[in-house]
Amino acid sequence: MMLSSSNLSRRRLLKQTFAFSASAMLGRSVMGQADALVPVAPGEHLLMIGDWGAKETKGQEAVASGMKKFLDEQKIKPGAMFLLGDNFYGSMKGGVKSERWKVQFSEMYPRSHFDCRCYAVLGNHDYGDDPKRSLEAQLGYAKENPGTRWTMPSKRYAFDYPTVNPLMRVVAVDSNWRDMKPEEIAEQNQWLEDELKRARSTPWVVVMGHHPLYSNGQHGDSEALIDAWGPLFEEHRVDFYFCGHDHDLQHMEFEGLKTSFVLSGGGGARVRELRKVRSGHYAKSVYGFTHLHVTAESFSVQHVDANRNRLHAFSKTLDGVVTIV
Ligand SMILES: [Fe+2]
């Protein structure tokens, strides 16, 4: 593959910075008593989970409980939650009135800890398990329940976060190509390109969807998404792609690619074995969630398991340098 000079210098940077560097991670970590005295760093804190809405709720309860304790211990009030699809497995009897909204959303993630908008995208189970009813419920819930934190204005949407002095542009996509007509896929790809082409007004640009482009998990890579979205991410310097679908936690960097690929699919559904993990990638089959800490200069990501052990963390600076903590 031909490498441009900027790619070459990026390769060099990646090599240099993939070394361990605890000092670069905002001076704080999740666990450890000494950290209790460190004031909470300024910036925005967000949480992210995927594949959380299984019918059997044991895993979901464990992760939700872990998140609540994590927020208490860290004295963090999240500004938003990203819900990465497979939000409701199985039947959605009752639609917007289903008991599952209370049991698996509003009471599972109570406002006492999650007093923020919850931005959701659709997963394959949201499409396939209870066709139409689940989709209609998820797309219509906020209209029926003004004031809800649940946010899914359409199958794809984009927003600035936070609304005042935004730090990131978030483009939420519908990756359920198996359930979409070719025209819908083409139309969305054009929309995504137009969204990414807009003059960059935020330090960070993030795309989130349910299916991974790359994954070391059971489902593996999606060649179709790599072909369609990969070049757009490169051309428009997408900083992060967040997704779920595989039931594990992953972080993937590829030499020469600008985007960091983060998979957070341990939100509740039964975890699954990994495939062979590619060298240099982080992947673990485990229940857990992802914490994001964003400032105008750096974007930090940490995968945390249901028992609040920090499993993997890294930060990225605006020049694209990634430092594993
Ligand atoms: Fe899925």
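Is P153 buried or exposed? With a relative accessible area of 53%, P153 is exposed. That passes the cut-off, because exposed means over 50%. This is a predicted model, so keep that in mind as we walk through it.

P153 sits in the loop that runs between β4 (150-151) and β5 (157-161). If you look from there to Q138, 15 residues away along the chain, the two C-alpha atoms are 9.1 Å apart.

**The sheet**

Now follow β4 into the open sheet that contains it. There are 8 strands here, in the order β4-β3-β2-β1-β12-β13-β14-β15, and the pairing is mixed. At the edges you'll find β4 and β15 (322-324), each of which pairs on one side only.

Moving inward, strand β1 (residues 44-49) pairs with β12 in the antiparallel sense, over 5 bridges. Within that pairing, L47 stands opposite H291 of β12. On to β13: strand β12 (residues 288-294) is joined to β13 by 7 bridges, and the two run antiparallel. A hairpin makes the connection, with 3 residues leading from β12 to β13. One bridge pair to look for is H293 with S300 in β13.

β13 also has β14 as a partner: 7 bridges join them, again antiparallel. Here V301 stands opposite F314 in β14.

How many of the residues of β13 are buried? The strand is mostly covered, with 8 of its 8 residues buried. S298, S300, Q302 and V304 point one way, while F299, V301, H303 and D305 point the other way, and all are buried.

**The turn with R308**

β13 and β14 form a hairpin with 4 residues between them. In that turn is R308, which has a positive phi of about 65°. To place it by number, R308 is in the loop between β13 (298-305) and β14 (310-317). Its relative accessibility is 18%, so R308 counts as buried, the cut-off being under 20%. The side chain of R308 also makes a polar contact with the side chain of E73, at 2.6 Å.

**The core**

The largest nonpolar core takes in 82 residues, and F82 and F242 have the most contacts inside it. Which residues does F242 touch, once its neighbours within four places in sequence are set aside? They are M48, F82, L84, V206, V207, M208, G209, V262, L292 and F299. Notice F299 in that list: it is one of the buried residues of β13.

**The iron site**

An iron ion is held by D86 (OD), N124 (OD1), H210 (NE2) and H245 (ND1), at 2.1 to 2.2 Å. Why is the arrangement called irregular? The 4 donor atoms subtend angles of 87 to 168° around the iron ion, and that makes it irregular. Along the chain, the donors follow the spacing D-x37-N-x85-H-x34-H. D86 is in the loop between β2 (80-83) and α3 (100-106), whereas N124 belongs to helix α4 (residues 124-128), so this pair ties together parts that are 38 residues apart in sequence.

Two of these donors, D86 and N124, appear below with R308 and P153, so you can see how accessible each one is.

| Residue | Relative accessible area | Class |
|---|---|---|
| D86 | 1% | buried |
| R308 | 18% | buried |
| N124 | 23% | partly exposed |
| P153 | 53% | exposed |

Definitions and conventions. Residues are numbered from 1 along each chain as its sequence is written. This is a predicted model: local features need pLDDT of at least 70, side-chain atom pairs count only at pLDDT 80 or more; totals for chains, interfaces and linings use all residues. Side-chain values use heavy atoms; hydrogens and water are left out. A nonpolar core is a set of buried Ala, Val, Leu, Ile, Met, Phe, Trp, Tyr and Cys residues joined through side-chain atoms within 4.5 Å. Buried means under 20% relative accessible area, exposed over 50%, partly exposed in between (1.4 Å probe, protein chains only). Contact means heavy atoms within 4.5 Å. Donors are N, O and S atoms within 2.8 Å of the metal (3.2 Å for Na, K and Ca); water is not among the atoms, so sites may look incomplete. Four donors count as tetrahedral if all angles lie between 85 and 135 degrees; four count as square planar and six as octahedral if opposite donors are over 155 degrees apart and all others between 65 and 115; anything else is irregular. A polar contact is a pair of N or O atoms within 3.5 Å; within protein, one must be able to donate a hydrogen and the other to accept it, and residues adjacent in sequence count only if both atoms are side-chain atoms. Two strands pair if DSSP finds at least two bridges between them.
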